[in-house]
Amino acid sequence: MKLIYELSVSGRSGVRIPVSDVPKAAPLPQSLRRAEPAALPEVAELDLVRHFTGLSRRNYSVDTNFYPLGSCTMKYNAKVMENAGSLFADSHPVLALLPGGPEKVQGPLSLIHGLEQQLAEITGMDEVTTQPLAGAHGEMTGIMVIAAYHKARGQNRRYVIVPDSSHGTNPASAAMAGYEIVTIPTAPYGDMDLDAFRAAMNDQVAAVMMTCPNTLGIFNPHIAEICEIAHQAGALVYYDGANLNAILGKVRPGDVGFDVIHVNLHKTFGTPHGGGGPGSGPVGVKSHLIPYLPTPRVVKGADGTFGVEAHPEGIGRVSDFFGNFAIMARAFAYITMLGREGLIEVSEQAVLNANYMMARLKEEYELPFDITCMHECVFSASRQLKDGVHAIDIAKYLIDRGFHPPTVYFPLNVKEAIMIEPTETESKQTMDSFIAVMLEAAEVARTRPEELHDAPVTTPVGRLDETRAARALQVCCEL
Amino acid sequence: MAKYYTKEHEWVELDGATGTVGISEHAAHELGDITFVELPKIGKAVKQFDTLAGIESVKAASDIYAPVSGKVVAVNDALDAAPELVNESAEEKGWVCRLEGVDAGELAALMDAAAYQQFLKGLE
């Protein structure tokens, strides 16, 4: 396929720009002009449409096929949620902040308030802010809330504890908020080493960030104890909601002892994930942290109408207006449509699917932590490695066979990791066809390993040289 | 002087109070093709087991921890242009930096080559 620049023919255009009837301004000084005109592509509308339609057909998405990318929760979102998102396109966000404005946007304000209440109910928190624009932004907001809490108590704590299986954004968010990171290794039972955790805990620790179930797809049986140990030392406990999909309607993090949570609307609650974004990472807190939530807050008056109030003790604004509103509208529709029973079914089916996948594949693939998993399971290609086949080779082979590969080489605490998350929206038939190809890959690894090294062979480009791409980076396009 | 190793797979080799630091052959192999080494700033003071530098490969980005306390007095600039030196020669040409003011007593918390090899066997 050609680049759009290669399709360019001088003078060709898709539109005719009207002759300007505005008098010409003085030309830019020579020093500000480029020496030659930019070599922008000149194509007709039809060339353009065919080019981008052609590109789109080379795209892979959950709309075209199974996308078992572990840790990412690439579930299918019903198209009706897109309609919910577009319902409010005419409502300008600044209206809610103008004098007399809130009475004109009661619908959107009630939706924000309603979503906050839904998320508080689901997570067991007391209040929620919808401002953060992504999961990592939610982490940053949550950690800033925690910092504000300690500061208000006259404490200047230095450390944030994270287990080594945590998402990389956890330590990054805490470090950006000014904390030093203490990493706790994984114990043989697949979760944070409790003894190492106890040893690291002291009155200088501001917070512990936990993902539960963790990145290995394992629910931490010691979670209540971890919260207790942290609280005894005056530290707060942060719940990374990336894997909330596994426990909807089953466990409420707030009931277990967590003080702060972020949820990924774009993973768990029916809004697009990946290129389809944008994201949304609402943050929920227990009552002792409510004063530090970002400003402003949507409030419900005694007469049942909604207003906007400043939140003076809070950490300030973390986004314009109230966050990614169209995404919130989708999530509100998703939660309202599914209701309590529906959300419970979501988590049950997500966990059942992952366990089915785990049970069928563990004959051929090494399962480092062989216990009932939650919404995802992590294999290792260590058996295939004996024949010189790496996780990346299996991943590339899956592309040839029509599947998006699972996540590979993550989490970092599993060698040659292959991390599979089927999500609740996939049928047994789809999973069976994926399992068949995974088993076939194991067979090829045993008998004809070189075939896997050559994969993929059906794609527009074959195996990319990732090392060279990283070492000889060329991101500059000369126009 | 002999090399001493950490559980996080760094090595240090002392010459008086100056220690040369890098990552082990094993670590380089496990990381795969190294694409970038984030060298520490000259003058940076580190405590033993604190984060010293960063290293990225096609598989992962990792921290390099200081095997001993000291002050950075030299860095291996060659790694800027040729990070693959770490893959080719992790424990010689692929050294990362030199630390000054090292207390040899801290070596007690590290492993010698034989103990490190034994440690690696335990990881398999």
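Contact here means heavy atoms within 4.5 Å. The legends below describe close-up views of a predicted model.

**Figure 1. Surroundings of Phe197(A) in the largest nonpolar core.** Leaving aside residues up to four places away in sequence, Phe197(A) is in contact with Ile161(A), Ile184(A), Met192(A), Val208(A), Ile226(A) and Ile229(A). Phe197(A) is one of the residues with the most contacts inside a core of 56 residues, together with Met201(A), Leu265(A) and Phe269(A). Helices that give two or more residues to this core include H2 (80–86), H3 (106–123), H6 (194–200), H7 (223–232) and H10 (325–361) of chain A. Strands S4 (205–211), S5 (236–241) and S6 (260–263) of chain A also give two or more residues each. The greatest contribution is that of H10(A), which supplies 10 residues.

**Figure 2. A second, separate nonpolar core.** This core holds 31 residues, among them Leu361(A), Phe379(A), Tyr397(A) and Ala442(A). The UniProt record, in an unreviewed entry, lists residues 347–442 of chain A as "domain: Glycine dehydrogenase C-terminal". Across residues 347–442 of chain A, helix accounts for 46% of the chain and strand for 10%. The C-alpha atoms at the two ends of that range are 30 Å apart.

**Figure 3. The largest cavity and its lining.** Rolling a probe the size of a water molecule over the atoms shows where empty space is left. In this model, 3 cavities of 30 Å³ or more are counted. The largest cavity encloses about 60 Å³ of space. Leu216(A), Ile218(A), Met358(A), Leu367(A), Phe369(A), Ile371(A), Cys373(A), Glu376(A), Cys377(A) and Val378(A) form the lining of the largest cavity. By residue class, that lining comprises 9 nonpolar residues, 1 charged residue and no polar residue. Glu376(A) is the charged member, because Glu counts as charged, and Glu376(A) appears in the lining.

**Figure 4. The second largest pocket.** The second largest pocket contains about 550 Å³ of space. Of the 20 residues that line this pocket, Tyr60(A), Ile399(A), His404(A), Pro405(A) and Thr459(A) lie nearest its centre. Helix H12 (residues 391–400) of chain A provides the largest share of the lining, with 4 residues. The lining as a whole divides into 12 nonpolar, 6 polar and 2 charged residues.

**Figure 5. Lys59(B) and its contacts in chains A and B.** According to UniProt, in an unreviewed entry, Lys59(B) carries the feature "modified residue: N6-lipoyllysine". Lys59(B) belongs to the loop that links strand S6 (51–57) and strand S7 (61–65) of chain B. Setting aside residues up to four places away in sequence, Lys59(B) touches Tyr409(A) and Glu416(A) in chain A, and Glu30(B) and Leu31(B) in chain B. The relative accessible area of Lys59(B) is 28%, so this residue is classed as partly exposed.

**Figure 6. Two cis peptide bonds that precede proline in chain A.** One cis bond joins Cys212(A) to Pro213(A), with omega about 0°. Pro213(A) is situated in the loop between S4 and H7 of chain A. A cis peptide bond also runs from Phe410(A) to Pro411(A), where omega is near 0°. The loop that holds Pro411(A) lies between strand S11 (407–408) and strand S12 (417–420) of chain A.

**Figure 7. Positive phi values at Thr73(A) and Phe321(A).** Neither residue is glycine: phi is near 50° at Thr73(A) and near 55° at Phe321(A). Thr73(A) is located in the loop between helix H1 (45–57) and H2 of chain A. With a relative accessible area of 1%, Thr73(A) is buried, since the cut-off for buried is under 20%. Phe321(A) occupies the loop between strand S9 (306–309) and H10 of chain A. At a relative accessible area of 26%, Phe321(A) is partly exposed.

**Figure 8. Ala38(A) and Gln155(A).** Ala38(A) is part of the segment before H1 of chain A. The relative accessibility of Ala38(A) is 30%, and the residue is therefore counted as partly exposed. Ala38(A) and Gln155(A) are 117 residues apart along the chain, and a distance of 57 Å separates their C-alpha atoms.

Note on methods. Residues are numbered from 1 along each chain as its sequence is written. Chains are lettered from A and ligands numbered from 1 in the order in which they are written. This is a predicted model: local features need pLDDT of at least 70, side-chain atom pairs count only at pLDDT 80 or more; totals for chains, interfaces and linings use all residues. Side-chain values use heavy atoms; hydrogens and water are left out. On a 1 Å grid over the protein atoms alone, a cavity is a set of points where a 1.4 Å probe fits but cannot get out, and a pocket is an open set with protein on both sides within 12 Å along at least five of seven lines; lining residues have an atom within 4 Å of a point. Grid points are joined across faces, edges and corners, and a volume is the space filled by probe spheres set on the points. UniProt positions are given in the numbering used here, feature names are shortened, and annotations may be inferred rather than shown by experiment. Buried means under 20% relative accessible area, exposed over 50%, partly exposed in between (1.4 Å probe, protein chains only). A nonpolar core is a set of buried Ala, Val, Leu, Ile, Met, Phe, Trp, Tyr and Cys residues joined through side-chain atoms within 4.5 Å.
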